[in-house]
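Hi everyone, thanks for making time this morning. I'd like to walk you through one structure, starting at its metal site and working outwards. Let me put it up on the screen.

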Amino acid sequence: MLKKNIWEKASTEKVSAIMNFAEDYKDYITKGKTERLCVDEAIRIANNAGFKPFESFETIKPGDKIYFVNKGKNIACYVIGEKPIVDGLRVLGAHIDSPRIDLKQNPFYEAKGFAMGDAHYYGGIKKYQWVTIPLALHGVVCKKDGTVVNVNIGEDIKDPVVGISDLLVHLSSQQMAKTLATAIEGEDLDLTLGNIPLQGEEKNAVKANVLKLLKDKYDIEEEDFVSAEIEIVPAGPARDYGLDSSMIAGYGHDDRVCAYTSLRAVIDQGTCEYTTCAVLVDKEEVGSIGATGAQSRWFESTITELLEAQGGATLVKLNKTMENTKMLSSDVSAAVDPLYASATPDIQSAFFSHGLVFNKYTGSRGKSGCNDAMPEYIAWCRKIMDEADVHYQTAELGKIDLGGGGTIAYILGNYNMNVIDAGVPVLNMHAPMEIVSKADVYEAYLGYKAFISKN
Ligand code: MN
Ligand code: MN
């Protein structure tokens, strides 16, 4: 169903399915504040559904539920189909990294009586949105002896939170005259970490006290932060939004909303004719680069492993598998915002509660860098959505030349597979508090299930 409001004709059963699914999803993003935590939670969900790590299989057969994990930051869950893998896969691919603030490698310093944390932002953010809000610290500190210490401060209601200060309005006449882009500088996104000096310490006693607290709690030294990955993210759980609780306010909907719905689709749908896969990748917000990004050879390597287990992998077979594969690049879209409607022409934009959004292309300055999906393939997807009664819509990323963006779609497209962006519309994208419609979250799940089960 193209461009219809989901709530208008929803049965009581459907409304309660929407609401129940939203509870599961809120739990996922409340726990999944980093890509590593998203993978941990995905592993837990997959294990509960009977999935097992690839290493525990000697041979593979239709119906087998298999997952691969890469460096704690990627997971690919497969359900082996009735047809041979070389006939192609049905893949749902989403990213689990979200814009945030990272601690630098030598983060701790003291200034004007405060212990501070030097930080570097990650991904595209409007910097002014990240000051004066409660923030939590998540991540790992890797010690020389090989231990990996998990850090989590600011989520438990009894935990302290940290934050980034901003100049009081009374003294801001010069700052207020600057543009939104320059009023808060990147180097000023530093964290306030403490104010009590360690007694008996003469130099940098406040910083020393913070380091002592970390030492007591985690048995880590200042130097250990050289090999740490600490992500600073909005503190607190995802919550219902709107007086009618129709929406979800939370951190990281981009793109954990598509990650969760993709994962659940593959897990819940069971055995299909073609082998199905939900793959969750990192580093999309900084270009999909590196060992854990979509450009990594890792995903291709998991498919080679499956081909090998199914009678032998050759380059020819791998290439054929990729060419025969159909994929949805499950990523979020910009939703029409009533306060900024001029940025999103009505007939080319995604509305809340109108379902899964297909983007033929994204890109910027004349589609530069986009994956421009084949119309033949879009027709195939339309048919699936209509046959399964899934609400869907199409969109561009806003008005031409206002900006732009990209996804992982073109990277998989490079394998000569059919791929198109399809995901959930989001308000406040990349802000500390992003918003989605519960109806769209559930509809994306239904759309993904229909897609992977289609012959
Ligand atoms: Mn995204
Ligand atoms: Mn993004």
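Let's start with the manganese ion (ligand 1), whose donors follow the spacing H-x158-D-x76-D along the chain. Before I go on, please keep in mind that this is a predicted model.

Which atoms hold that ion? The protein donors of the manganese ion (ligand 1) are H95 through NE2, D254 through OD, and D331, which is listed twice through OD. They lie 2.2 to 2.6 Å from the ion. Within this set, D254 sits in helix α6, residues 253-269, while D331 is in the loop between β14 (326-329) and β15 (333-334). Those two are 77 residues apart, so the pair links distant parts of the chain.

Are these two aspartates buried or exposed? D254 has 3% relative accessibility, and because the cut-off for buried is under 20%, D254 counts as buried. D331, at 6%, counts as buried too.

Now for the second ion. The manganese ion (ligand 2) takes its protein donors from D254 (OD), E285 (OE, listed twice) and H430 (NE2), at 2.0 to 2.6 Å. Written as a sequence pattern, the donor residues read D-x30-E-x144-H. Here the chain is again brought together from distant parts: D254 is in helix α6 and H430 is in the loop between β21 (425-427) and β22 (434-437), 176 residues apart. H430 is buried, with a relative accessible area of 17%.

You'll have noticed a name in both lists. What does D254 do between the two ions? D254 bridges the manganese ion (ligand 1) and the manganese ion (ligand 2), and the ions lie 3.4 Å apart.

There is one more thing to look at here, and it concerns the backbone. A cis peptide bond joins D254 and D255, with omega at about 10°. D255 lies in helix α6.

While we're on backbone geometry, two residues other than glycine have a positive phi. One is S288, with phi near 60°, in the loop between β13 and α7. S288 counts as buried, at 2% relative accessibility. The other is N204, with phi near 45°, in the loop between β9 and α5. N204 counts as partly exposed, at 36%.

Next, a residue that ties the metal site to the packing around it. D421 lies in strand β20, residues 418-423, and is buried, with a relative accessible area of 1%. Which residues does D421 touch? Leaving out anything up to four places away in sequence, the contacts are S329, D331, V357, F358, N359, T362, T407 and A409. D331 in that list is one of the donors of the manganese ion (ligand 1). D421 also comes to 7.6 Å from Y361, C-alpha to C-alpha, although they are 60 residues apart in sequence.

F358 takes us to the core. The largest nonpolar core has 59 residues, and those with the most contacts inside it are Y28, L328, F358 and F451. Helix α11, residues 438-453, gives the most to this core, with nine residues. Beyond its sequence neighbours, F358 touches residues including L328, C381, M385, Y392, I420 and D421. A second, separate core has 30 residues, including A119, V151, I184 and L189.

Finally, the empty spaces. How many cavities of 30 Å³ or more does the structure hold? The structure holds one, with a volume of about 60 Å³. Its lining is V279, V281, A294, S296, F299, E300, I408, L412 and Y415. By class, that is seven nonpolar, one polar and one charged. β13 (275-281) and α7 (298-309) each supply at least two of these residues.

The second largest pocket offers about 460 Å³ of space. Its lining has 23 residues, with I153, P160, L193, V210 and L213 nearest the centre. The largest share, six residues, comes from α5; β5 (100-111), β8 (148-153) and β9 (191-194) each supply at least two. The classes here are 17 nonpolar, four polar and two charged residues.

If you take one picture away, let it be buried D254, coordinating both manganese ions. Thanks for listening, and I'm happy to go back to any view.

Definitions and conventions: Residues are numbered from 1 along each chain as its sequence is written. Chains are lettered from A and ligands numbered from 1 in the order in which they are written. This is a predicted model: local features need pLDDT of at least 70, side-chain atom pairs count only at pLDDT 80 or more; totals for chains, interfaces and linings use all residues. Side-chain values use heavy atoms; hydrogens and water are left out. Donors are N, O and S atoms within 2.8 Å of the metal (3.2 Å for Na, K and Ca); water is not among the atoms, so sites may look incomplete. Helices (H or I, at least four residues) and strands (E, at least two) are DSSP runs, numbered from the N terminus. Buried means under 20% relative accessible area, exposed over 50%, partly exposed in between (1.4 Å probe, protein chains only). On a 1 Å grid over the protein atoms alone, a cavity is a set of points where a 1.4 Å probe fits but cannot get out, and a pocket is an open set with protein on both sides within 12 Å along at least five of seven lines; lining residues have an atom within 4 Å of a point. Grid points are joined across faces, edges and corners, and a volume is the space filled by probe spheres set on the points. Ala, Val, Leu, Ile, Met, Phe, Trp, Tyr, Cys and Pro count as nonpolar, Asp, Glu, Lys and Arg as charged, and the others, Gly among them, as polar. A nonpolar core is a set of buried Ala, Val, Leu, Ile, Met, Phe, Trp, Tyr and Cys residues joined through side-chain atoms within 4.5 Å. Contact means heavy atoms within 4.5 Å.
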